[in-house]
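Okay everyone, thanks for squeezing me in. Have a look at the sequence and the structure on the screen, and I'll walk you through a few spots I liked.

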Amino acid sequence: MRFHSRPFLAVYASLAMTLICQLCPTAKAQSAELAATPPMGWNSWNHFAEKVTDADVRAAADAMVSSGMRDAGYIYVNVDDSWEAQRDAQGNIHSNSKFPDMKALGDYVHSKGLKFGIYSSPGPKTCGGYEGSYRHEQQDANTYASWGVDFLKYDLCSYMDIMKLHDPSQDPHQAQVMMQEAYSKMHEALVNTHRPIVYSLCQYGVDSVWEWGPQVGGNMWRTTDDIRDNYGSMALIGFSQAGLEKFAGPGHWNDPDMLEIGNGGMTADQYRTQMSLWAILSAPLLAGNDLSKIDDTTKNILINKEVIAVDQDKRGIQGSRIGPPQIWMKPLSDGSKAVALFNFVTDDEAEPLTLKFKDVGFSGPVHVRDLWAHKDLGVLYDSYTVTVPQGGVVMLRIWQ
Ligand code: GLA
């Protein structure tokens with residue numbers, strides 16, 4: 001189920017892009033070491049949505065290990081919306097019958113060498129209409145900590161209704177201030193638990209969240225509305241990240257939403273595009289498929305260690321678009337550069353695309369490696385022309 005009041009936020013999206021958070025002096029990021037590189041893992045939403053059960057999450061954890069994903073860096077196993085039941089007389093949140101024992105589930109995930117994530121909202125209800133954390137922030141944070149939670153996705157949802165109660169025409173900053181305050185409040189509650197918990201803001205990018213996300217303790221923040229498992233949605237979201245580079249870095253990342261790789265709505269070439277683009281963007285890599293049924297093609301995309309190394313590069317520079325039509329470049333800590341050539345045209349044609357090395361800052365001969373072919377292309381001069389499949393990508397690492 002989707003929450004339908006988001007258009008309301010469009011009113012605010014155009015307001016005061018540069019509002020500085022004045023409400024959260026103690027809300028320093030839980031520290032960069034929590035998310036020194038973009039978080040990697042799995043989230044239940046894209047495939048299972050509200051059908052997810054304890055058994056599905058355990059199966060995902062098992063598959064993260066057996067598929068080699070854990071060893072490739074995918075660590076967080078995150079339960080999204082629909083785990084929640086009601087509160088008891090003392091106000092403590094409980095899980096519903098799909099999740100009989102959250103502490104036991106957390107223990108199971110941890111026993112596999114993985115970390116455990118959960119989902120809530122600053123509003124009274126989540127986007128799926130389940131119980132949110134409104135007015136129970138510290139109590140919920142304490143409960144999460146007692147369950148062994150290591151990651152919280154905090155989704156604005158019905159908090160928009162709370163914001164609506166304040167007439168923007170009387171005070172245009174009021175809604176923004178309230179939203180920042182709500183995010184800051186949960187961050188402080190998480191800090192008070194003394195448990196390191198990655199804090200993932202989900203409010204669809206409104207009010208330029210990238211400008212104030214770190215100040216309310218965010219380790220990552222969604223930059224757009226929800227991704228869908230089709231090329232148009234993925235490409236629109238991914239390629240629209242151009243310009244947000246300066247807001248990302250160790251401990252705080254732009255989040256263009258989760259991976260759809262393996263969910264069936266795109267071709268393998270298009271899924272390679274998502275993996276490559278997300279890596280160039282230094283985006284969190286949260287797989288969203290049914291890992292218990294992962295096939296070899298999907299595995300080879302999600303576990304391409306050379307592409308993952310680009311995403312996880314410790315300098316944490318978000319790559320940028322360097323030129324027509326969709327050539328993107330990310331500088332890496334060893335002095336090399338990752339470059340992706342995307343064939344973004346919408347007809348069925350494979351396209352020859354040319355990279356001029358001077359356009360990515362090299363003069364003279366360069367060493368080039370193809371990160372999907374896993375092949376050194378040798379020493380090249382001036383430029384490289386390669387045929388890229390429709391909707392696909394060629395991803396290179398270049399050094400001198
Ligand atoms: C919103 C979020 C999604 C997902 C759903 C759950 O739509 O953006 O990622 O968490 O809520 O209800």
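Let's start with the ligand: how do the residues of the shell around it divide into nonpolar, polar and charged? The split is five nonpolar, one polar and eight charged. Before I go on, keep in mind that this is a predicted model.

So who is in that shell? There are 14 residues surrounding the ligand, and the closest are D80, D81, K153, D155 and D226. Let me pick out some contacts. D226 has an N or O atom in its side chain 2.6 Å from an oxygen atom of the ligand. For D81, a polar side-chain atom sits 2.9 Å from a ligand oxygen. And R222 joins in too, with a side-chain N or O atom 3.2 Å from an oxygen of the ligand. How much of the ligand does the protein bury? On its own, the ligand would expose 300 Å², and the protein buries 100% of that.

Next up, the nonpolar core. The largest one has 94 residues, and the members that touch the most others are Y74, W83, M275 and L302. Which helix gives the most to this core? That's helix α8, residues 174–192, which puts in eight residues. Now, where does this core lie relative to the domains? Domain 1 (9–318) and domain 2 (321–399) both contribute residues, so the core lies between them.

Now for some loops, and I'll begin with Q203. You'll find Q203 in the loop between β7 (198–202) and α9 (209–212). Is Q203 buried or exposed? Its relative accessibility is 1%, so Q203 counts as buried, the cut-off being under 20%. The side chain of Q203 also has backbone partners: one of its polar atoms lies 2.8 Å from the backbone nitrogen of G205, and a polar atom of that side chain is 2.9 Å from the backbone oxygen of V206.

Move along the chain to N219, in the loop between α9 and β8 (220–222). With 0% relative accessibility, N219 counts as buried. Its side chain reaches the backbone oxygen of G251 at 3.1 Å. Here's one to find on your screens: N219 and D255 are 36 residues apart along the chain, and their C-alpha atoms are separated by 9.7 Å.

A35 is another loop residue, placed between α1 (7–13) and β1 (40–43). A35 counts as buried at 1% relative accessibility. If you trace from A35 to M64, you cover 29 residues along the chain, and the C-alpha atoms of those two are 20 Å apart.

Last stop: two residues with a positive phi that aren't glycine. A49 has phi near 45 degrees, and D382 has phi near 65 degrees. Where are they? A49 is in the loop between α2 (45–48) and α3 (54–66), while D382 is in the loop between β16 (375–380) and β17 (383–388). How do they count for accessibility? A49 has a relative accessible area of 25%, so it is partly exposed. D382 comes in at 61%, so D382 counts as exposed, which takes over 50%.

That's my tour. If you remember one thing, make it the ligand, with 100% of its exposed area buried by the protein. Thanks!

Definitions and conventions
Residues are numbered from 1 along each chain as its sequence is written. This is a predicted model: local features need pLDDT of at least 70, side-chain atom pairs count only at pLDDT 80 or more; totals for chains, interfaces and linings use all residues. Side-chain values use heavy atoms; hydrogens and water are left out. A residue is near a molecule or strand if one of its heavy atoms lies within 4 Å of it. A polar contact is a pair of N or O atoms within 3.5 Å; within protein, one must be able to donate a hydrogen and the other to accept it, and residues adjacent in sequence count only if both atoms are side-chain atoms. Accessible areas come from the Shrake-Rupley method with a 1.4 Å probe; for residues, only the protein chains shown count as cover. Ala, Val, Leu, Ile, Met, Phe, Trp, Tyr, Cys and Pro count as nonpolar, Asp, Glu, Lys and Arg as charged, and the others, Gly among them, as polar. A nonpolar core is a set of buried Ala, Val, Leu, Ile, Met, Phe, Trp, Tyr and Cys residues joined through side-chain atoms within 4.5 Å. Buried means under 20% relative accessible area, exposed over 50%, partly exposed in between (1.4 Å probe, protein chains only). Helices (H or I, at least four residues) and strands (E, at least two) are DSSP runs, numbered from the N terminus. Domain bounds come from an automatic or database domain assignment.
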